[in-house]
Amino acid sequence: MALLVKNSSQFTSIMKTDSYSYEDFLWLPKFSYYICGYEILEAKMTRRRILMQLFHWTCVVSHVCCVVTMLKRLIEWDNIGNDFLLIARYTMQFTYVINSNIKYVVVLQKQAIRRLNGKLAALYPESKQARIDYSVNDHYWPRPLRVFVAVYCISSVLVIGQPVLMSVFIYIRTNHYPYLHFYPHYTLDPQQDPLWKYFAINIVEWLHSDLMIVSNLSTDLWLVHFEMQICMHLDYIARSLENYQPHWTRDSIDLKFISQLVDRHDQLLNLQEDINRIFGGSLLLNLLTTAMLFCNMAVCAQIQGLSLDGITLAGFMITTSSQLYLVCCYGEMVQLFSSNISHAAYNNNWSDATSAYKKSLVNIILRAQRPAELSAMGYMRISLNTFKEVMSLAYRVYMLVGSAIK
């Protein structure tokens, strides 16, 4: 609780600042993983870190127990029978487990993420005037994105916790506790099983869900943070290049300016390749599992209709698709800001420049013809078109399955 209060006060101070520091940008992805006790950047062993690691490994053990139990139930297929809703729920949970585990494996690459983070931190403008020139506030986490993170967490908690809330409500109405819980692979008999077992199972399910939900969202937040930094630097290069006024009398200054931009552009392209190496594999599998997850959620919500479970699943379905849109949106922004460098070079007032400056400008134009891009292992460029294709595929599969249900 003290950690939450401390981070909340830190967040308040961040919101009041004139120009954000690099640490301010890190607050959201770092804090999101704190929820399950996982730290990526911190290497020093302290008492707080030991307690957080203990909590994190408790989440991991609970996650393994739930996954093993789920696989056991899937092997014992006779226990599922012909209940289509139960099959859909198992498929949805299994898909979400795969999706979350893939993203969790990504953040296990602590050294690679720390190196990438250190390189971006070294490029970040230090002085207040430099931060104004870079327009760092314009590239800070936008309010809709922060609201989305809050809605995602709330909808996730409601999806997992609504059976318990429903059980309490039924107990108040009927004086009978029905032992409802979210995951179908744990079975409880109210007549035989004690109440402590029910609460123990709910705690295990909550820790299991905590790890999955945090991994699923927070890995994307780290990716967005890195792309946010790349976009900020690309935007600065394009604006600086377009507004610069070269003159033949300042040839050495002009060439130094253009060479610095070329070097910075090279660094950003290399950093984008590092991002693709770290997150590319998970992005490729994430596109496939997200389409399956969206389809399964839609089927479950359709079967359950206008009920509390159906409404919470529909809300979670919307936040899941919004999460994919967020990643694709920043993939689109990276391409856009990178392409703007070429346009800025075209718009540069080069008429009074020397031939050496003009040659450097042509080289920038040629290099910028192939913009930086967020790529899924080189097989797929992540952009808004990717989001449209994934949602279109999920919708077609959903319509096919939905017609089979009817």
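Which backbone oxygen lies 2.7 Å from a polar atom of the side chain of S32? The legends below start with that one.

**View 1. S32 and the backbone oxygen of P29.** The backbone oxygen of P29 is the partner, 2.7 Å from a polar atom of the S32 side chain. S32 sits in helix α2, residues 22-34 (helices are DSSP runs of H or I with at least four residues, strands are runs of E with at least two, both numbered from the N terminus). S32 is buried, with a relative accessible area of 6% (buried means under 20%, with a 1.4 Å probe and protein chains only). Leaving aside residues up to four places away in sequence, S32 touches V214, S218 and L221 (contact means heavy atoms within 4.5 Å). This is a predicted model, in which local features need pLDDT of at least 70 and side-chain atom pairs count only at pLDDT 80 or more, while totals for chains, interfaces and linings use all residues. Residues are numbered from 1 along each chain as its sequence is written, and side-chain values use heavy atoms, with hydrogens and water left out.

**View 2. The second largest cavity and its lining.** A search of the whole structure finds three cavities of 30 Å³ or more, and the second largest has a volume of about 50 Å³. On a 1 Å grid over the protein atoms alone, a cavity is a set of points where a 1.4 Å probe fits but cannot get out, a pocket is an open set with protein on both sides within 12 Å along at least five of seven lines, and lining residues have an atom within 4 Å of a point. Residues lining this cavity include N99, K103, N216, D220, N286 and T290. Helices α4 (84-107), α8 (195-243), α9 (251-304) and α10 (308-347) each supply at least two lining residues, and α10 gives the most, with four.

**View 3. The second largest pocket.** Here the volume is about 270 Å³. Of the 15 residues that line this pocket, E273, N276, R370, P371 and E373 lie nearest its centre. Helix α9 makes the largest contribution to the lining, with eight residues.

**View 4. The whole protein, for orientation.** Twelve helices and two strands make up the element count. From the N terminus, the order is α-α-α-α-α-α-α-α-α-α-α-β-β-α. Of the 406 residues, 51% count as buried. Among contacts between residues at least 6 apart in sequence, 76% join residues at least 24 apart.

Methods. Buried < 20%, exposed > 50% of the residue type's maximum accessible area, 1.4 Å probe, protein only. Polar contact = N/O pair within 3.5 Å; in protein donor to acceptor, adjacent residues only side chain to side chain. Points joined across faces, edges and corners; volume = space filled by probe spheres on them.
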